[in-house]
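The following note is offered to a colleague who is meeting this structure for the first time. Please read the points beside the sequence and the coordinates.

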Amino acid sequence: MATSPGDVRTAGTQAHGASRGDGQRMDVDWIPFDPNPSKPRFRPPPGAVDAHCHVFGPGDVFPYAPERKYTPCDAPKEKLFALRDFLGFERNVVVQATCHGNDNRALVDALVHSGGRARGVASVARTVSDAELRAMHEAGVRGTRFNFVRRLVDFTPREVLVEIAHRIAPLGWHVVVYFEAKDLPELWDFFTALPTIVVVDHMGRPDVTKPLDGPEFGRFVRLMREHPNVWSKVSCPERLSVSGPPDYGDVVPFAKHLVETFPDRVLWGTDWPHPNMKSHMPDDGKLVDYLPRIAATPALQRALLVDNPMRLYWKD
Ligand code: 0GY
């Protein structure tokens, strides 16, 4: 394990407007990831998986998609793997970010250079061939992501997503969904008809100023209770918190409730390199120190960080 954060220090420093030669310049209001995170006090259990993180580019090797809604700083696989070691994790699940559209080359490149220590979630179009799906499976892809957050993607018709879900199901893949809590009523029938495990990003983005036992979060808990194929990532306090860093205390009860109610269907990830954070950039060490507050016992920590992600991503 790395003993100093030096390995991750040089990334996230691409200057505004740094030339990639093709107009793919980092957004002027982009906040790069913290190049010097603190060493967490909490030690993840052996075999721990960071089950939600991304790679960006580098853009001159893996260009950002023409249809993207943002242009990030480069966040290449080497920086991700250095952070993994520094924080005390053994594995990553790399999730295709919308800035790469359906071009999964940066993701696949990270997987094949991980020494078997990374698995992935891709984004695919209905035109993807069976051979392409098989090649992605070989590289370590185990899921596809459907994104309903309007600032990130254009609308894809539901019948196209259903078709994709039925194409990937025979591979044993699952569907990862990202949406805002207010949209769950409208998405409910679509989600509950999907033929695979459905993993929800960031607890369905609850409004944490609303009560834990109120109708909005209650709806999400009911989704999980009534549908044993629905899992949740209890990640991203930095996105959901109104009270703010480094404590993120207002998010803790929501994540803790899911961890304790559905201990075998929760996952956690850093969300490095934290795309589209506008209020602040989190310290990844502090995010790891948040873990024992939402998973208070060694058994819950092991389920969240090791057993659940291994069952979902490393079963074959
Ligand atoms: C996340 C969240 C965000 C972005 C993406 O793929 C993406 O662009 O997921 C966001 O902006 O909320 O999970 O990284």
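The points below take up the ligand, then two residues in regular elements, then some features of the loops.

1. The model is predicted. The remarks that follow should be read as a description of that predicted model.

2. The ligand sits in the largest cavity. It is surrounded by 15 residues, of which His54, Tyr70, Thr98, Tyr178 and His202 come nearest. The shell is evenly divided by character, with five nonpolar, five polar and five charged residues.

3. Several side chains place polar atoms beside oxygen atoms of the ligand. For Thr98, the distance between an N or O atom of the side chain and a ligand oxygen is 2.6 Å. A polar side-chain atom of Asn276 is 2.8 Å from an oxygen atom of the ligand, and the side chain of His52 has an N or O atom at 2.9 Å from a ligand oxygen. The ligand would expose 350 Å² if taken alone, and the protein buries 100% of that area.

4. Arg145 belongs to strand E4, which covers residues 141-147. Is this charged residue buried or exposed? Arg145 counts as buried because its relative accessibility is 9%, and the limit for that class is under 20%. Its side chain makes a polar contact of 2.9 Å with the side chain of Asp201. The side chain of Arg145 also reaches the backbone oxygen of Gln96, at 3.3 Å.

5. Phe81 lies in helix H1, residues 77-87. With a relative accessible area of 10%, Phe81 is buried. Between Phe81 and Ala110 there are 9.2 Å in space from C-alpha to C-alpha, while the two are 29 residues apart in sequence.

6. Two cis peptide bonds deserve attention when the backbone is inspected. One runs from Pro245 to Pro246, with omega near -5°; Pro246 is in the loop between helix H7 (237-240) and helix H8 (252-261). Another joins Trp272 and Pro273, with omega about 0°, and Pro273 is located in the loop between strand E8 (266-267) and helix H9 (284-289).

7. The loop between E8 and H9 also holds His274. Phi of His274 is positive, near 60°, although the residue is not glycine. His274 is buried, at 0% relative accessibility.

8. Which value does phi take at Arg205? It is near 45°, again a positive value in a residue other than glycine. Arg205 is in the loop between strand E6 (198-200) and helix H6 (215-226), and at 16% relative accessibility Arg205 counts as buried.

Notes
Residues numbered from 1 in each chain as written. Predicted model: local features only at pLDDT ≥ 70, side-chain atom pairs only at ≥ 80, totals over all residues. Heavy atoms only, no water. Near = heavy atom within 4 Å. Polar contact = N/O pair within 3.5 Å; in protein donor to acceptor, adjacent residues only side chain to side chain. Areas by Shrake-Rupley, 256 points an atom, 1.4 Å probe, with all protein chains shown as cover. 1 Å grid on protein atoms, 1.4 Å probe; cavity = no way out; pocket = protein on both sides within 12 Å on 5 of 7 lines; lining within 4 Å. Sits in = over half its atoms within 2 Å of the grid points. Nonpolar A, V, L, I, M, F, W, Y, C, P; charged D, E, K, R; others polar. Helix = DSSP H or I, 4+ residues; strand = E, 2+ residues; numbered from the N terminus. Buried < 20%, exposed > 50% of the residue type's maximum accessible area, 1.4 Å probe, protein only.
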